[in-house]
Amino acid sequence: MMVTLLGATTLVLVTLAPWVLSAAAGERPGGESRRRAGGGKNLKSPQKVEVDVIDDNFILRWNRSEESVGNVTFSFDCQKPEMDNWIKLPGCQNITSTKCNFSSLKLNVYEEIKLRIRAEKENTSSWYEVDSFIPFRKAQIGPPEVHLEAEDKAIVIYISPPGTEDSVMWALDRSSFTYSLVIWKNSSSVEERIVNIYSRHKISKLSPETTYCLKVKAALLTSRKIGVYSPVHCIKTTVENELPPPENIEVIVQNQNYVLKWDYTYANMTFQVQWLHAFLKRNPGNHLYKWKQIPDCENVTTTQCVFPQNTFQKGIYLLRVQASDGNNTSFWSEEIKFDTEIQASLLPPVFNIRSLSDSLHISIGAPKWSENKPVIQDYPLIYEILFWENTSKAERKIIKKKTDVTIPNLKPLTVYCVKARAHSVDEKLNKSSVFSGVVCEETKSGNTSKMWLIIGIFTVLLALPFVIYAVKVLLRCINYVFFPSLKPSSNIDEYFSEQSLKNLLLSTSEEQIEKCLIIENISTIATVEETNQTDEDHKKYSSQTSQDSGNYSNEDESENKTSEELQQDFI
């Protein structure tokens, strides 16, 4: 029984061994594998894989190997930046030809993508990795769509940007495309090239009832991409209209107004003028209903119309004119570009003059409209100023960028006249205003400053003694308050003089003597002793007083004299 079980196990292992060995041999790092049919030859990988990206169309092309003939298919995998694993590329699985389209894959066209391909039959080739790429950088601009409308002497071209309306590749660039075209008569091989046209463009000055052919291509100048031409489109112009469109349209400036002029063949006509923002022509689509009427240029009977400059803000516009006789209407004229910054004239500056003794100070301000609103000019200006003496015609000129100008070294009490005009600093504009009105002003007397100088000096000389006296008094007060003298005042000295002190001592002695005389004679000795004691006390007092004041140097002599007088009185 045990032998039978071992034999069966051995048979199973022998049977599975070729399959296990084949799988182990076909397994490769990174998940790549080859499968061999027992003893068969491996397929070679496809070569020379190319990726073509036109607008939103992604096309893969490759070459077969010599072995990959017959029933060989091809499959692609792709890997996006946020992915770690490879996934099957939609639209490119089990392809029998050498081309596939994977436009259905949702991609970020600004991120890198990786592709790989292998051949498959009874066994599988190794993977062939395609160089990674960023779709937007590899993309080419396809042909734009073109629609034509014929007039008697013109063809109107409507151009749609390359790609579809929901294009991912050009979603951010649809309004950035520029277009160029080549046009020729169908009966002639002479071509005319027109560059930098809008998505709606009108080609004028053509012949009636004539067939013209053209082709258009788009470009993205910012990305340095140039597309391919569209298929050739041909159209025949119509029979000549009874009323031709106005011609030779131009805009000139008069004072604060624009004057639009044009030429026309017939009289007794009415005209209307319309305008459109030029940037709208860059946007795809029909802008027929976005044209607006100029208020002062509707149903005019002359070949010109006048409208104020403040009708348009700063920008670029398109203008067109149409003629009518009441029954028939002409086609619109050729559109002209109208740039307010270039067309608008500079208005003369406004300035004020302030007179000085030997100079004039000029303050320049912005000009104003008739409504007293200041004109806003966004480009830098320089000012040309002419001035002359009123009695002379010799003009002198100065040019300044500042709006505050001083004209020095003029004669006093002389009338000078001034006028000014503005120039644009940008040479491309090359614009200058007319001169402003003449303003005259008389300079002030030249001696005025000297007179004031003399008066000032004289005033200072007169005030100088008073100033000195006031300073001395102030210093004396400061010394008296903050820095007093150490010597006692005269009143204190007089009070403590030697004679006053002597009188004070005598008075005290007499008082003591009088006090002692009240005692009876029997106590004479006692009184004398008391008197002597009083004299000693008085001596001590006088000595102490002398030390305090420092003014009694003859203290002993005075005490001796006082004692002698007391003894004589007692006797």
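Let's begin with cysteine 78, which sits at 0% relative accessibility and so counts as buried, the cut-off being under 20%. Please keep in mind that we are looking at a predicted model. Does cysteine 78 have a bonding partner, or is it free, and where is the nearest cysteine sulfur? Cysteine 78 takes part in no disulfide, and the nearest cysteine sulfur belongs to cysteine 92, 9.4 Å away.

Cysteine 92 has a partner of its own. It forms a disulfide with cysteine 100, with 2.1 Å between the sulfur atoms. For those of you who like torsions, the value about this S-S bond is about 95 degrees, so the disulfide is right-handed. Cysteine 92 and cysteine 100 are both buried.

How many disulfides does the structure hold? There are four. If you number the bonded cysteines in sequence order, they pair as 1-2, 3-4, 5-6, 7-8.

Let me walk you through two more of them. Cysteine 297 is joined to cysteine 305, with an S to S distance of 2.0 Å. The torsion here is 85 degrees, and this link is right-handed. Both of its cysteines, 297 and 305, are buried.

Then there is the link between cysteine 417 and cysteine 440, S to S 2.0 Å. Its torsion is 95 degrees, and it is right-handed. This pair connects distant parts of the chain: cysteine 417 lies in strand β28, residues 415-424, and cysteine 440 lies in strand β29, residues 439-442, 23 residues apart. On exposure, cysteine 417 has a relative accessible area of 2%, so it is buried. Cysteine 440, at 38%, is partly exposed. While we are on cysteines, cysteine 477 is partly exposed as well, with a relative accessible area of 44%.

Now to the cores. As general background, nonpolar side chains in soluble globular proteins tend to be buried together. In our model, the largest nonpolar core has 49 residues. Among those with the most contacts inside this core are Leu60, Trp62, Phe76 and Ile157. Which strand gives the largest share of this core? That is β13, residues 211-220, with five residues.

Phenylalanine 76 is a nice one to click on. Setting aside neighbours within four places in sequence, its contacts include Leu60, Trp62 and Leu89. Our disulfide pair turns up here too, since Cys92 and Cys100 are both on the contact list of phenylalanine 76. There is also a second, separate core of 23 residues, and Cys297 is one of its members, along with Val251, Val300 and Ala323.

Finally, two sheets. One is an open sheet of three strands, ordered β8-β9-β12, with antiparallel pairing. Its edge strands are β8, at 145-150, and β12, at 200-203, each pairing on one side only. Neighbouring strands are turned by 20 degrees against each other on average, ignoring direction. Between β8 and β9, residues 155-160, there are six bridges, and the two strands run antiparallel. On that pairing, valine 146 stands opposite isoleucine 159 in β9.

The other open sheet has three strands in the order β23-β24-β27, again with antiparallel pairing. Here β23, at 350-355, and β27, at 404-407, are the edges. The twist averages 20 degrees from one strand to the next. Strand β24, residues 360-365, pairs with β27 in the antiparallel sense over four bridges. If you want a residue pair to look at, leucine 360 stands opposite isoleucine 407 in β27.

How values were computed. Residues are numbered from 1 along each chain as its sequence is written. This is a predicted model: local features need pLDDT of at least 70, side-chain atom pairs count only at pLDDT 80 or more; totals for chains, interfaces and linings use all residues. Side-chain values use heavy atoms; hydrogens and water are left out. Two strands pair if DSSP finds at least two bridges between them. Axes are lines fitted to C-alpha atoms, for helices over the stretch in contact, and angles run from 0 to 180 degrees between N-to-C directions. A nonpolar core is a set of buried Ala, Val, Leu, Ile, Met, Phe, Trp, Tyr and Cys residues joined through side-chain atoms within 4.5 Å. Buried means under 20% relative accessible area, exposed over 50%, partly exposed in between (1.4 Å probe, protein chains only). Contact means heavy atoms within 4.5 Å. A disulfide is a pair of cysteine sulfur atoms within 2.5 Å.
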